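Open the model in your viewer and keep the selection tool ready. We will go stop by stop.

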Amino acid sequence: MTIALGYKCRNGVVVAADTLVVTSSEYESQEDTKLTEFWVQCGSFAIVQSSNDAFATADLLGELHHALESATPSGYRELGLTIKDQMRIWSDGFGRKEPPQSPLIMAVKLKGQSAKLFRCEPPSTFIECDDYVAVGYGAAVTDPLYHLLFATSGGEYAHIQTILRRIAYLIYRAKKGNALCGKRTHTAVVWRDDLAPTIVRSIDLECAENKSPGLDFLFSSAAIFALQ
């Protein structure tokens, strides 16, 4: 479980995750994507995960994609029932063995409705989030920073470029503050219009993350000045 997060913006919803992937219960790791995006009949989806078994969670995401290809939910409540059903089936497949922890962050735009942000976890968690949400070990770093720096400036009113820079900074700090967060960052946008999700170029996020030490210096300087 590394770092995955979602953040609303004026243009839709952004999800992002690092690419340090845990592949087994023994916490072996490698670099791989934790981002899944697709556009189906009912709408646009982008999902990031922070699992302690990436292979098992990939199977869950495949089942969700397959179910949503033929789903025609009338609203987000009905969508939640479909997703919960698939998560329960996946969890039941482990029998008496406890399924791996597989928290998901989902950006969704159903056709004709507003884009929304959800936190999901098998077998039955499907919760709408107001502005920002993070899962994984890195959330212990990003959550306090979000509340300290950004909570009073809601993402729904900020342009996507602003939110992407916030995300780059938060994930930079997660990677800096937790050894289980690292590698590149993968990011996708689900737009408020009925469009396919867009993948943000990794090099753009890397450039933004590389500027983050300068932000640390500015925040530190401002705090020192204010407390004189």
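In which helix does Ile167 lie? Select Ile167 and look: the helix is α4. Keep in mind that this is a predicted model.

**Stop 1: Ile167**

Is Ile167 buried or exposed? Ile167 counts as buried, because its relative accessibility is 0% and buried means under 20%. Now add Lys211 to the selection. Ile167 and Lys211 are 44 residues apart in sequence. In space, the distance from C-alpha to C-alpha is 12 Å.

**Stop 2: the largest pocket**

Stay with α4, which spans 160-177. Select Ile160, Gln161, Leu164 and Arg165, which are among the residues lining the largest pocket. Then add Val189, Trp191, Thr198, Val200 and Arg201. Finish the lining with Asp204, Leu205 and Ala208.

Which elements each supply at least two residues of this lining? They are helix α4, strand β11 (185-191), strand β12 (198-200) and helix α5 (202-210). Color these four elements separately if you like. Helix α4 gives the most, with 4 residues.

Now color the lining by residue class. You should find 7 nonpolar, 2 polar and 3 charged residues. The volume of the largest pocket is about 210 Å³.

**Stop 3: the largest cavity**

Next, look for enclosed space. Rolling a probe the size of a water molecule over the atoms shows where empty space is left. How many cavities of 30 Å³ or more does a search of the whole structure find? The search finds 1. The largest cavity holds about 30 Å³ of space.

Select its lining: Thr2, Leu20, Val21, Val22, Lys34, Gln49, Ser50, Ser51 and Ala54. Which strand gives the most to this lining? Strand β3, residues 20-22, gives 3 residues. Color by class again. This lining has 4 nonpolar, 4 polar and 1 charged residues.

**Stop 4: a surface patch**

Move to the outside and turn on the surface view. Select Leu215, Phe217, Leu218 and Phe219. Together they make a nonpolar surface patch of about 390 Å².

Zoom in on Phe219, which is found in helix α6, residues 212-226. Why does Phe219 count as partly exposed? Its relative accessibility is 35%, and partly exposed means a value between the 20% limit for buried and the 50% limit for exposed.

**Last look**

Show Ile167 and Phe219 together. Ile167 is buried at 0% relative accessibility, whereas Phe219 is partly exposed at 35%.

Conventions. Residues are numbered from 1 along each chain as its sequence is written. This is a predicted model: local features need pLDDT of at least 70, side-chain atom pairs count only at pLDDT 80 or more; totals for chains, interfaces and linings use all residues. Side-chain values use heavy atoms; hydrogens and water are left out. Patches are made of residues with over 30% relative accessible area and no salt bridge: like charges are joined within 9 Å, nonpolar side chains (Val, Leu, Ile, Met, Phe, Trp, Tyr) within 5 Å. Accessible areas come from the Shrake-Rupley method with a 1.4 Å probe; for residues, only the protein chains shown count as cover. A salt bridge is a side-chain nitrogen of Lys or Arg within 4 Å of a carboxyl oxygen of Asp or Glu. Buried means under 20% relative accessible area, exposed over 50%, partly exposed in between (1.4 Å probe, protein chains only). On a 1 Å grid over the protein atoms alone, a cavity is a set of points where a 1.4 Å probe fits but cannot get out, and a pocket is an open set with protein on both sides within 12 Å along at least five of seven lines; lining residues have an atom within 4 Å of a point. Grid points are joined across faces, edges and corners, and a volume is the space filled by probe spheres set on the points. Ala, Val, Leu, Ile, Met, Phe, Trp, Tyr, Cys and Pro count as nonpolar, Asp, Glu, Lys and Arg as charged, and the others, Gly among them, as polar.
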